[in-house]
Amino acid sequence: MIKGNSSTVIPVSCVEHGRWSYSSARFRSENRMMPSNLRARKAQQVNYSVRSSGEFRSDQGAIWDEIAQKAERMHVDSPTGAMASIYEKQMPTMQEYTKQFSLIDGQVGAVFMINGKVVGMDAFGRHETFAKVFNKLLSSYAIDAIDWYDLKKEAKALKSKVTKFMNASKGATTESRPSVGLGTDLRLESEKVIGFALSLDDQILHLCIFSREDEQRGNRSDSGMVRFSMRRRNRH
């Protein structure tokens with residue numbers, strides 16, 4: 001949230017390792033965002049950075065590594081390691097996924113499940129805001145659904161799992177600090193979830209919570225946050 005007629009330095013992460021020039025001097029927003037698992041890892045990294053140094057920093061190397069690994073799993077060849085190449089190759093399949101979903105009146109958020117497991121939730125303060133980013137959000141979860149889908153492990157989406165996720169989210173510890181721009185930045189964390197939120201004038205404008213990676217996939221014990229903390233310790 002940026003104040004009008006002001007200048008703000010916004011910390012960002014790069015999703016194309018090998019391109020170091022711009023194609024246009026004008027900024028534009030693409031109709032996609034980071035895959036949900038990468039957003040979860042980034043949230044974990046930034047939570048650690050904010051707590052340890054007060055800076056809103058991700059582990060850029062870990063993000064590039066994750067994009068490269070996803071591209072390899074999904075048989076995507078990109079000379080510059082571009083996240084966009086993954087989305088472009090999977091576009092037909094993603095469109096089959098996303099066309100099954102539609103907004104309902106007054107909807108301000110959604111809980112997303114893959115292979116019968118809750119992986120994340122995004123919610124906004126207004127229906128109009130959520131409607132603007134709905135397709136981007138769907139795509140960020142759909143790309144992971146395509147990546148992770150396993151017919152042998154397919155499970156039914158049980159309401160009880162959503163309830164457990166919501167209870168874990170309610171039990172998360174919360175730390176608050178001034179945001180990069182306007183409002184208050186909230187960092188949420190528990191053994192089962194990781195997330196963040198932005199509030200302004202006692203209203204939550206955006207709430208984003210993910211299941212931790214071992215809860216999502218159950219097949220890896222390490223994480224980008226672990227690598228991030230180890231790199232910081234090694235530098236010191």
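Author: Contact here means heavy atoms within 4.5 Å. With that in hand, take the contacts in the chain with a separation of 6 or more: residues 24 or more positions apart account for 61% of them. One caution before you start asking: this is a predicted model.

Reader: Fair enough. How many helices and strands are in the chain, and in what order do the elements run from the N terminus on?

Author: The chain has 7 helices and 6 strands. Starting at the N terminus, the order is α-α-α-β-β-α-α-β-β-β-β-α-α.

Reader: What makes α1 and α2 roughly antiparallel to each other?

Author: The angle does. Helix α1 covers residues 36-53 and helix α2 covers residues 60-73, and their axes cross at roughly 165°. Angles over 145 degrees count as roughly antiparallel, and α1 and α2 therefore get that name. Their axes come within 11 Å, and the crossing is right-handed.

Reader: Which residues make the contact, and how do they divide into nonpolar, polar and charged?

Author: On the α1 side you have Asn37, Leu38, Arg41, Lys42 and Gln45, and on the α2 side Ala62, Ile63, Glu66, Ile67 and Lys70. That splits into 4 nonpolar, 2 polar and 4 charged residues. If you want to check the charged ones, Lys, Arg and Glu belong to that class, and here they are Arg41 and Lys42 from α1 with Glu66 and Lys70 from α2.

Reader: Ile67 is on that list. Why is Ile67 called buried?

Author: Buried means under 20% relative accessible area. Ile67, in helix α2, has 6%, so it qualifies.

Reader: What does Ile67 touch, not counting residues up to four places away in sequence?

Author: Val15, Leu38, Gly81, Ala82, Met83 and Ile86. Take Ile86 as an example: it sits 19 residues from Ile67 along the chain, and the two C-alpha atoms are separated by 8.7 Å.

Reader: What makes α3 roughly perpendicular to α4?

Author: Again, look at the angle. Helix α4 spans residues 127-148, and α3 packs with it at an angle of about 100°, the axes being 9 Å apart. Roughly perpendicular runs from 65 to 115 degrees, so α3 and α4 fit the name.

Reader: Which residues meet there, and how many of them are nonpolar, polar and charged?

Author: Ile86, Tyr87, Gln90, Thr93, Met94, Tyr97 and Thr98 come from α3, while α4 brings Leu138, Ser139, Ser140, Ala142, Ile143, Ala145 and Ile146. By class that is 9 nonpolar and 5 polar, with no charged residues.

Reader: Gln90 is a polar side chain by that scheme. How do you know that Gln90 counts as buried?

Author: Same test as for burial above: the cut-off is under 20%, and Gln90 has 11% relative accessibility, so it counts as buried. Gln90 lies in helix α3, which covers residues 83-98. Setting aside neighbours within four places in sequence, its contacts are Met74, Ile143 and Ile146.

Reader: On to the rings. How many aromatic pairs does the structure hold, and why is the pair of Trp20 and Trp64 called edge-to-face?

Author: There are 4 aromatic pairs. For Trp20 and Trp64, the ring centres are 6.2 Å apart and the planes stand at 80°. Rings pair if their centres lie within 6.5 Å, and planes over 60 degrees apart count as edge-to-face, so both tests are met. This pair links distant parts of the chain, with Trp20 in the segment before α1 and Trp64 in helix α2, 44 residues apart.

Reader: Are those two rings buried or exposed?

Author: One of each. Trp20 has a relative accessible area of 68%, and exposed means over 50%. Trp64 counts as buried, at 18%.

Reader: And what makes the pair of Phe124 and Phe130 tilted?

Author: Their planes are at 45°, with 6.2 Å centre to centre. Stacked needs under 30 degrees and edge-to-face needs over 60, so the value in between is called tilted. Phe124, at 13%, and Phe130, at 0%, count as buried. Ring pairs also bring in Phe134, making a cluster of Phe124, Phe130 and Phe134.

Reader: What share of the 236 residues in the chain do buried residues make up?

Author: 42%.

How values were computed:
Residues numbered from 1 in each chain as written. Predicted model: local features only at pLDDT ≥ 70, side-chain atom pairs only at ≥ 80, totals over all residues. Heavy atoms only, no water. Axes fitted to C-alpha atoms, helices over the stretch in contact; angles between N-to-C directions. Helix = DSSP H or I, 4+ residues; strand = E, 2+ residues; numbered from the N terminus. Parallel < 35°, antiparallel > 145°, perpendicular 65-115°, else oblique. Left-handed = near helix turned anticlockwise from the far one by under 90°. Buried < 20%, exposed > 50% of the residue type's maximum accessible area, 1.4 Å probe, protein only. Phe/Tyr/Trp six-rings, centres within 6.5 Å; stacked < 30°, edge-to-face > 60°.
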